Amino acid sequence: MVYDIDTNIIITTEYLELKTIQDMTPFAFSPLRPELAAQIQPGDIIVAGKNFGCGSSREQAPEIIKALGIRCVIAKSFARIFFRNSINNGLLLIENSDLQAAVQEGDTVTVTVNQDIEHAGKHYAITSLPQNLVDIISAGGLVKAMRKLNGLE
Amino acid sequence: MKPMTIADKIIAAAAGVDHVQAGDINTVEVDKLLINYGTTHLTIDMYHKLKNPRIADVSKLVWVVDHNVPCDSPKTAASHKKMRDFAKAHGITFYEGAGVCHQVMMENHVRPGELIFGADSHTCAYGALGAFGTGVGCTDYLYAMVTGKSWVLVPETLRFNLTGRLPEGVYARDLILTIIGQISANGANYMAMEFGGEGLATLTMADRIAICNLCVEAGAKTALMEVDQVALDYLAEHGRTPKHIFKSDEGAKYAQVYDIDLSTIQPIVAKPHFVDNVVPAAECTGVKIDEAFIGSCNNGRIEDLRVAAAVLKGRKVHPLVRLLVVPASQTVYQQALQEGLMEIFMEAGAIVMNANCSVCWGSCQGVIGEGETLISTGTRNFKGRAGHPNSFVYLASAATVAASAVKGEIVTADMLD
């Protein structure tokens with residue numbers, strides 16, 4: 001299982017100059033697997049090893065993962081800046097260290113927020129996120145959540 | 001009251017409470033807010049989408065254009081202009097071309113006891129002056145810019161007790177790479193790394209900044225050093241006074257305590273593609289290099305340039321190697337000029353450039369091509385970080401980088417003829 005996936009792998013510096021997040025998505029994960037972005041389907045889930053999202057604080061990283069249609073990332077652990085940035089952009093992250101040994105690329109994994117992960121008939125317990133963070137994720141990010149709170153959306 | 005660490009005390013002060021402990025979540029007033037070029041345009045876009053956009057306290061903001069300076073494309077120029085125009089319109093303290101943001105902050109703004117957010121992962125460098133610097137993304141930055149506040153999870157602290165003195169020819173870079181190798185790339189994830197002990201007194205401010213700066217490569221939320229006379233002298237030389245000097249209490253709770261004897265540290269190299277992939281530099285000798293880089297917020301200070309110049313004096317850069325020397329700030333550049341260091345670099349055949357992030361950020365000047373190898377005093381050696389996805393970055397001290405530039409392959413300075 002790949003580990004230490006840094007934000008430069010998620011989006012390399014040279015593509016940060018592109019105008020929109022949509023323009024950047026074809027290059028997601030390109031230093032590691034150039035073909036991957038084109039294969040990702042809406043609703044897909046990333047399963048990774050430890051320290052996902054380490055490195056630069058570039059917030060384009062979680063934005064691109066979300067723009068690719070990925071619903072959540074499950075990893076053994078997340079780097080802290082990436083963790084905050086993901087919540088702030090409405091991308092769900094789940095820490096779990098047991099799933100990696102069982103899962104293969106292409107398998108179906110079902111996530112029930114704040115409940116469990118199901119894979120091949122087996123259920124994996126997950127820790128609950130505090131309700132305020134779930135609210136931010138459900139609203140689509142911190143800015144949208146604040147707008148909702150202030151009655152603007 | 002339960003004993004607290006330096007990190008606890010800074011957060012408690014910023015939250016206006018008497019006591020905090022690891023695991024608490026506190027709403028805090030942020031003292032300063034640094035942003036550099038990388039993601040500012042995103043913050044500006046979000047700001048304009050707010051219903052009633054306002055800045056809580058403009059005097060807290062410091063904006064620094066430092067990546068890709070001067071501009072290398074019309075796209076970058078547009079993005080710099082957006083930042084410059086916004087800063088001007090709102091009366092924000094603004095630097096362009098003055099140097100790498102963290103060096104600019106250390107020279108001009110950071111004070112002991114402050115809580116500083118920076119939209120850059122290496123903001124943890126400010127711990128060298130006893131300030132709680134932490135990296136955030138552009139949304140967190142926007143929130144703090146608009147409200148003056150944010151929330152912080154009080155981190156656990158790893159304590160590093162330093163004793164002894166670094167041997168001749170061994171530098172702060174070797175020390176922090178050794179520590180990262182020991183605890184791993186996420187060994188301090190979500191945590192604070194606190195440094196103290198009698199060995200700290202032997203380290204210069206340049207050493208201390210280099211150590212704190214790289215702590216994020218172990219996942220740390222912040223790095224903190226005890227404020228001593230060396231730190232106070234630096235502060236006074238730069239015309240500032242402390243906000244508050246905090247010391248950890250006797251009996252403060254640490255997640256782990258490490259005792260490090262500085263005299264046991266040796267020259268280290270971090271091999272591609274992870275910062276914690278460290279080995280003694282001697283194990284990398286013979287690796288051919290195409291480019292060498294001395295600069296960045298980690299090792300672009302006058303002390304690093306002196307070390308590199310001492311190695312390069314009377315020697316020539318290998319004909320098949322490009323050596324880039326990039327001071328971390330204009331102040332460093334001027335000092336190097338006055339000391340005659342630039343002459344030494346030019347005579348050795350180095351390419352001397354203006355103060356900016358340069359190849360450390362993997363864009364603009366000095367990026368490396370497919371299959372090429374760079375030895376660097378930059379902050380990271382991730383796959384593709386310095387240019388082509390299929391290229392290789394080794395991290396080392398300014399001495400090892402300068403020596404390798406002469407030899408054309410990785411060597412330590414004491415191995416040169």
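**Exercise 1. The antiparallel sheet of chain A**

Find the order of the strands in the open sheet of chain A that has antiparallel pairing, and say which strands form its edges.

*Solution.* Begin with the order, bearing in mind that this is a predicted model: the open sheet has three strands, arranged as S4-S5-S6 of chain A, and their pairing is antiparallel. Next, look for strands that pair on one side only, which are strand S4 (109-112) and strand S6 (122-125) of chain A, and these are the edge strands. Then consider the orientation of neighbours: with direction ignored, neighbouring strands of this sheet are turned by 20 degrees against each other on average. Finally, turn to a single pair, where S4(A) and strand S5 (residues 116-119) of chain A are joined in the antiparallel sense over four bridges, and where A:Thr110 has A:Glu118 in S5(A) as its bridge partner.

**Exercise 2. A residue with positive phi**

Locate A:Ala120 and describe its phi.

*Solution.* The first step is the position, since A:Ala120 belongs to the loop between S5 and S6 of chain A. The second step is the backbone angle: A:Ala120 is not a glycine, and yet its phi is positive, at about 50 degrees. As background for the comparison, most residues other than glycine have a negative phi.

**Exercise 3. The parallel sheet of chain A**

Describe the open sheet of chain A that has parallel pairing, from its strand order to one pair of opposite residues.

*Solution.* The order is S1-S2-S3 in chain A, which makes an open sheet of three strands with parallel pairing. The edges are strand S1 (45-48) and strand S3 (92-95) of chain A, each of which pairs on one side only. On average, and ignoring direction, neighbouring strands of this sheet are turned by 15 degrees against each other. Within the sheet, S1(A) pairs with strand S2 (residues 72-75) of chain A over four bridges in the parallel sense, and A:Ala48 has A:Ala75 in S2(A) standing opposite.

**Exercise 4. Where the two chains touch**

Work out how many residues of chain A and chain B are in contact, and which helix supplies the largest share of the chain A side.

*Solution.* Start with the totals, which are 32 residues of chain A in contact with 34 residues of chain B. On the side of chain A that touches chain B, helix H1 (7-10), helix H5 (80-88) and helix H8 (142-149) of chain A each supply at least two residues. The largest share of that side comes from H5(A), with five residues. By class, the side of chain A that touches chain B divides into nine nonpolar, 14 polar and nine charged residues.

**Exercise 5. The two domains of chain B**

Give the bounds of the domains of chain B and describe how domain 1 meets domain 2.

*Solution.* Chain B is divided into domain 1 (6-262) and domain 2 (269-415), and the centres of these domains of chain B, taken over C-alpha atoms, are separated by 24 Å. Their contact takes 31 residues from domain 1 of chain B and 33 residues from domain 2 of chain B. The elements giving two or more residues to the domain 1 side are helix H4 (101-108), helix H6 (172-183) and helix H7 (205-213) of chain B, and H6(B) gives the most, with six residues. This side of domain 1 divides into twelve nonpolar, 13 polar and six charged residues.

**Exercise 6. Two helix pairs in chain B**

Decide for H6(B) with H7(B), and for H10(B) with H12(B), whether the helices are roughly parallel or oblique.

*Solution.* For the first pair, H6(B) and H7(B) pack at an angle of about 25 degrees, with their axes 9 Å apart. Angles under 35 degrees count as roughly parallel, and H6(B) and H7(B) are therefore roughly parallel to each other. Their crossing is right-handed, and in it B:Ala172, B:Arg173, B:Leu175 and B:Ile176 of H6(B) meet B:Asp207, B:Ala210 and B:Ile211 of H7(B).

For the second pair, the axes of helix H10 (residues 302-312) and helix H12 (residues 341-348) of chain B come within 9 Å and cross at roughly 45 degrees, so that H10(B) and H12(B) are oblique to each other. H10(B) passes H12(B) in a left-handed crossing, and by class their contact has seven nonpolar, no polar and one charged residues.

How values were computed
Residues numbered from 1 in each chain as written. Chains lettered and ligands numbered in written order. Predicted model: local features only at pLDDT ≥ 70, side-chain atom pairs only at ≥ 80, totals over all residues. Contact = placed C-beta atoms within 7 Å. Nonpolar A, V, L, I, M, F, W, Y, C, P; charged D, E, K, R; others polar. Axes fitted to C-alpha atoms, helices over the stretch in contact; angles between N-to-C directions. Parallel < 35°, antiparallel > 145°, perpendicular 65-115°, else oblique. Left-handed = near helix turned anticlockwise from the far one by under 90°. Domains from an automatic or database assignment. Pairing = 2+ DSSP bridges.
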